[in-house]
Amino acid sequence: MNSVRGSLASIPGALTNFISESASNLLPQNSFTGSDSGAVGSATTNNDDDVSSTASQSDKSYPIPASLVKEQWRLIFTSDANIQDLEAAIAHCRDLVMLSDECSEERRWLVRHLVDLRLSLKELESAQADPLEVAPQVKTVVGHHFNIQRSGHIAARQYCDHCSGIIWRMIQTSYICSDCNFMAHQKCLDSVVRICAHVIASERRYPVDEICPEIGLAAQNYKCAECGTLLNFKNSWIEPRLCDYSGLYFCPNCHWNDSSIIPARVVHNWDFTLYRVSRASLQEITLFYDKPLIKLEEANPKLFIFLEKLGSVKKLRQNLFHMRKYFLKCRTASEEKLLDKQLSALFMQDNLGSNDLRHHLIQSTEFYSINDLELIEKGILFDYMQKLFNAFDLHIRHCELCRAKAYICEICSNNEVIFPFDDGCIMCDKCNSIYHRVCMTRKNMICPKCVRIQERKNQLDSNNGANDDDDATNASEEINN
């Protein structure tokens with residue numbers, strides 16, 4: 001009976017070993033499905049036998065500058081480090097930060113690592129203060145904030161971003177970063193090399209604005225840009241894969257042939273073709289996807305000349321920007337929160353594929369996100385903004401408080417009220433007065449209000465000059481007397 005129990009007890013271990021061996025021979029077939037169906041494309045896959053060999057080599061690498069390698073035994077610890085080790089590492093890391101050059105790669109790495117060490121120390125101290133408290137579920141590694149994934153059935157396969165092996169969630173413990181969705185086995189956590197894409201995006205603050213800034217394999221010393229795996233014929237051929245976003249070469253373990261639109265190609269060439277990118281670049285583009293950071297007119301003003309759809313969206317944004325001021329000053333609109341209600345209603349109706357209500361479209365006229373530009377190309381964003389314009393215009397023209405803030409053309413003295421967002425009207429850039437475009441054309445685009453202000457200013461200056469001359473004359477007479 002005992003022999004039967006022993007054989008039954010060995011089944012889970014044998015099954016785990018069998019699954020691990022099988023997973024090491026599989027190439028991940030991940031695909032990114034962003035907030036928009038056409039956002040960042042699906043991954044194309046190739047079956048390579050080199051992935052398992054590169055994984056073992058990348059485990060030996062740490063994302064640490066070469067000048068700090070000799071200090072890594074005092075700075076880098078595994079997840080089982082105690083409080084004394086972490087306190088000593090924090091003190092040493094703080095001293096190295098003060099000794100490093102400002103804005104250098106060493107200081108940047110040390111600051112990131114110092115934050116990770118302090119978070120780990122806080123977790124251990126809170127766990128010791130309350131022995132009954134459950135061990136912290138969040139693990140901090142090179143900027144990632146890993147949360148444990150609960151076991152269960154999922155529709156699609158998941159792969160470890162570190163070793164590229166399959167994550168069998170029914171029997172294996174896995175973690176996912178809450179910031180960049182980096183997934184890893186529990187055994188791979190302490191060997192993670194890739195810095196969190198959220199940290200990189202926060203430091204960069206703007207997508208890479210050069211089209212595939214390739215430097216070549218020779219500049220990379222024929223090594224993978226992320227894990228340092230040799231990309232040569234020394235042991236076995238490992239395919240170098242070019243990332244079209246960063247311009248760097250990666251090994252198959254760090255580059256899964258994922259496809260994505262490239263922000264620089266969109267801004268400079270209005271090109272929405274999907275290009276192959278590395279895993280790190282894919283995660284970074286995903287974080288930038290819905291953030292309005294691109295000043296398109298400043299980066300490429302000629303796009304608004306050649307693309308009529310961009311000019312139409314720009315005009316609508318300017319009109320919505322003026323309409324927003326009426327909504328903010330209208331007591332009725334503020335009490336009923338009409339601005340947010342209109343945005344939410346049209347957002348749900350058009351199903352734009354993002355959780356953001358796109359307040360930036362009416363708060364400014366120059367910033368665009370990658371998602372905005374893609375929706376402009378598809379014609380979806382223009383229809384959404386046109387419906388928003390019609391809804392705002394309906395309220396402003398029927399609200400007594402909003403109509404009280406309308407304008408009357410001073411040139412033709414017509415009793416018809418006009419607004420800044422009317423098609424046949426134009427606003428003075430200096431005094432913000434509104435006139436009919438035809439009337440301003442007859443006046444050679446000279447604003448009557450600006451003329452009056454300038455005349456009044458000249459008159460005041462002349463009066464002040466005459467008074468100064470009189471004071472000077474009186475002062476000289478007093479001196480002579």
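**Note on the predicted model**

1. The loop between α18 (437-442) and α19 (448-480) is the place of M445. The model under discussion is a predicted one. M445 has a positive phi, near 60°, and is a residue other than glycine. Most residues other than glycine have a negative phi. With a relative accessibility of 46%, M445 counts as partly exposed, because that class lies between the limits of 20% for buried and 50% for exposed.

2. A second residue to inspect is Y222, which lies in the loop between α6 (197-204) and β5 (241-242). Y222 is not a glycine, yet its phi is positive, at about 55°. Is Y222 buried, exposed or partly exposed? Its relative accessible area is 43%, so Y222 is partly exposed.

3. As to the chain as a whole, it contains 19 helices and 14 strands. Of its 481 residues, 42% count as buried. Where contacts link residues at least 6 apart in sequence, 61% of them join residues at least 24 apart.

4. One sheet merits description. Four strands form an open sheet in the order β1-β2-β3-β4, and their pairing is antiparallel. Which strands lie at the edges? These are β1 (139-141) and β4 (183-185), each of which pairs on one side only. On average, neighbouring strands of this sheet are turned by 35° against each other, with direction ignored.

5. Within that sheet, strand β2 (residues 144-149) and strand β3 (residues 174-177) run antiparallel and are joined by four bridges. F146 has C177 of β3 as its bridge partner. On the other pairing considered here, β3 and β4 are antiparallel and share three bridges. I176 has M183 of β4 as its bridge partner.

6. The connection from β3 to β4 is a hairpin with five residues between the strands. N181, in this hairpin, takes a positive phi near 65°.

7. The contact of α11 with α16 should be examined next. Helix α11 (residues 308-329) packs against helix α16 (residues 380-398) at an angle of about 30°, and the two axes are 10 Å apart. The angle makes α11 roughly parallel to α16, because angles under 35 degrees fall in that class. The crossing of these two helices, α11 and α16, is left-handed.

8. Which residues bring α11 and α16 together? From α11 the contact takes S312, V313, L316, R317, N319, L320, M323, Y326 and F327. From α16 it takes F382, M385, Q386, L388, F389, F392, D393, H395 and I396. By class, the residues of the contact of α11 with α16 are twelve nonpolar, four polar and two charged.

9. A second helix pair is formed by α6 and helix α8 (residues 279-288), which pack at an angle of about 60° with their axes 9 Å apart. The two helices, α6 and α8, are therefore oblique to each other, since the roughly perpendicular class runs from 65 to 115 degrees and the roughly parallel class covers angles under 35. The crossing of α6 and α8 is right-handed.

10. On the α6 side, A197, H198, I200, A201 and R204 make the contact, and on the α8 side A280, Q283, E284, L287 and F288 do so. The contact of α6 with α8 comprises six nonpolar, two polar and two charged residues.

11. Finally, H255 is located in the loop between β6 (249-250) and β7 (258-260). Is H255 buried or exposed? Its relative accessibility is 0%, so H255 counts as buried. Leaving aside residues up to four places away in sequence, H255 touches R241, L242, C243, F250, R276, V277 and S278.

How values were computed: Residues numbered from 1 in each chain as written. Predicted model: local features only at pLDDT ≥ 70, side-chain atom pairs only at ≥ 80, totals over all residues. Heavy atoms only, no water. Axes fitted to C-alpha atoms, helices over the stretch in contact; angles between N-to-C directions. Parallel < 35°, antiparallel > 145°, perpendicular 65-115°, else oblique. Left-handed = near helix turned anticlockwise from the far one by under 90°. Contact = heavy atoms within 4.5 Å. Nonpolar A, V, L, I, M, F, W, Y, C, P; charged D, E, K, R; others polar. Pairing = 2+ DSSP bridges. Buried < 20%, exposed > 50% of the residue type's maximum accessible area, 1.4 Å probe, protein only.
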